[in-house]
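Thanks for coming, everyone. Let me put the structure up, and then we'll go through helix packing, salt bridges and confidence.

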Amino acid sequence: MQTAQTTFGTTFADRNAARSDIAKRAFDMVAASLILLVAAPVLAAIWLTIRLTSQGPVLFVQERLGRGGARFGAFKFRTMVVDAEARLDALLAADPQAAEEYRVYKKLRRDPRVTTVGSVLRRLSLDELPQLLNVVRGEMSLVGPRCYLPGEIPDMGGQEEIVLKVKPGITGFWQVSGRNRTTFAERVEMDVYYIRNWSVAFDLYILYETVWAVLTARDAY
């Protein structure tokens, strides 16, 4: 009897999880498609501005970790110079303070690699609009944990198995709870909290807070 109850409970939970996945996917598809349609003029204007103000491709494609650890190319508008990775290595080697800041936050508050246009796009989070294409393709969700780099797994404190159970999101709990003021370790913990406490209401709250965070450029740099 105990085995039957356990099996029934597990099956019921699995069915609920499957329904939630379908509902979340449907919402992602509809919302992402509508946003892309409405934002088309903005996307075109950003595309043209980047093309006219700096050398290199308009879109930056970076390998990221998706659900189950699957790797995919995440789209962003390019906000840095084309040789940004090489410049980062040189910068961190020459500046111990910057190296420590990057170790803790995985970001630099005053990053010399960011272009003038790129700094505006980052402040308003417009650089992430192309990730709506990743949502449509099924690689990301509108709301989810941070989109982690493969090289960041060793820094995730053993929490990667939990974080990678779901699709990463364009926005998430950490983006509306401190954003760039949070350390890398704090972001991971917030992602774990989000996954363990997920609900439709939680997603809607995060989307609402994201709108205000973007409009006010809260905790952005």
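At what angle do the axes of helix H3 and helix H4 cross? Roughly 115°. Keep in mind that this is a predicted model. H3 covers residues 84-94, and H4 covers residues 96-105. Their axes come within 5 Å.

Who makes that contact? From H3, we have Leu 88, Leu 92 and Ala 94. From H4, we have Pro 96, Ala 98, Ala 99 and Tyr 102. Now sort them by class. Seven are nonpolar, with no polar and no charged residues in the contact of H3 with H4.

In general, two packed helices are described by the angle between their axes and the distance between the axes. You now have both for this pair: roughly 115°, and within 5 Å.

Next, charges. How many salt bridges does a search of the whole structure find? Ten. I'll take three of them.

Start with Lys 76 and Glu 128. Their side chains meet at 3.9 Å, N to O. The cut-off for a salt bridge is 4 Å, so this pair counts. Where do the partners sit? Lys 76 is in strand E2, residues 71-77. Glu 128 is in the loop between helix H5 (116-123) and helix H6 (131-136). The two residues are 52 apart in sequence, so the bridge ties together separate parts of the chain. On exposure, Lys 76 has 23% relative accessibility, which counts as partly exposed. Glu 128 is also partly exposed, at 23%.

Second pair: Asp 83 and Arg 87. The salt bridge here is 3.0 Å, N to O. Asp 83 is partly exposed, at 34% relative accessibility. Arg 87 is partly exposed too, with a relative accessible area of 41%.

Third pair: Glu 139 and Arg 137. The closest N and O atoms are 3.1 Å apart. Is Glu 139 buried or exposed? Buried, at 18% relative accessibility. The line for buried is under 20%, so Glu 139 falls on that side. Its partner, Arg 137, is exposed, with a relative accessible area of 52%.

Last, confidence. The mean pLDDT of the protein is 88. Of its residues, 90% reach 70 or more. Which stretch stays under 50? Residues 1-6. For that stretch, the model has zero contacts beyond four places in sequence.

That's the tour. I'll take questions now.

How values were computed. Residues are numbered from 1 along each chain as its sequence is written. This is a predicted model: local features need pLDDT of at least 70, side-chain atom pairs count only at pLDDT 80 or more; totals for chains, interfaces and linings use all residues. Side-chain values use heavy atoms; hydrogens and water are left out. pLDDT is the predictor's confidence in each residue, from 0 to 100. Contact means heavy atoms within 4.5 Å. Axes are lines fitted to C-alpha atoms, for helices over the stretch in contact, and angles run from 0 to 180 degrees between N-to-C directions. Helices (H or I, at least four residues) and strands (E, at least two) are DSSP runs, numbered from the N terminus. Ala, Val, Leu, Ile, Met, Phe, Trp, Tyr, Cys and Pro count as nonpolar, Asp, Glu, Lys and Arg as charged, and the others, Gly among them, as polar. Buried means under 20% relative accessible area, exposed over 50%, partly exposed in between (1.4 Å probe, protein chains only).
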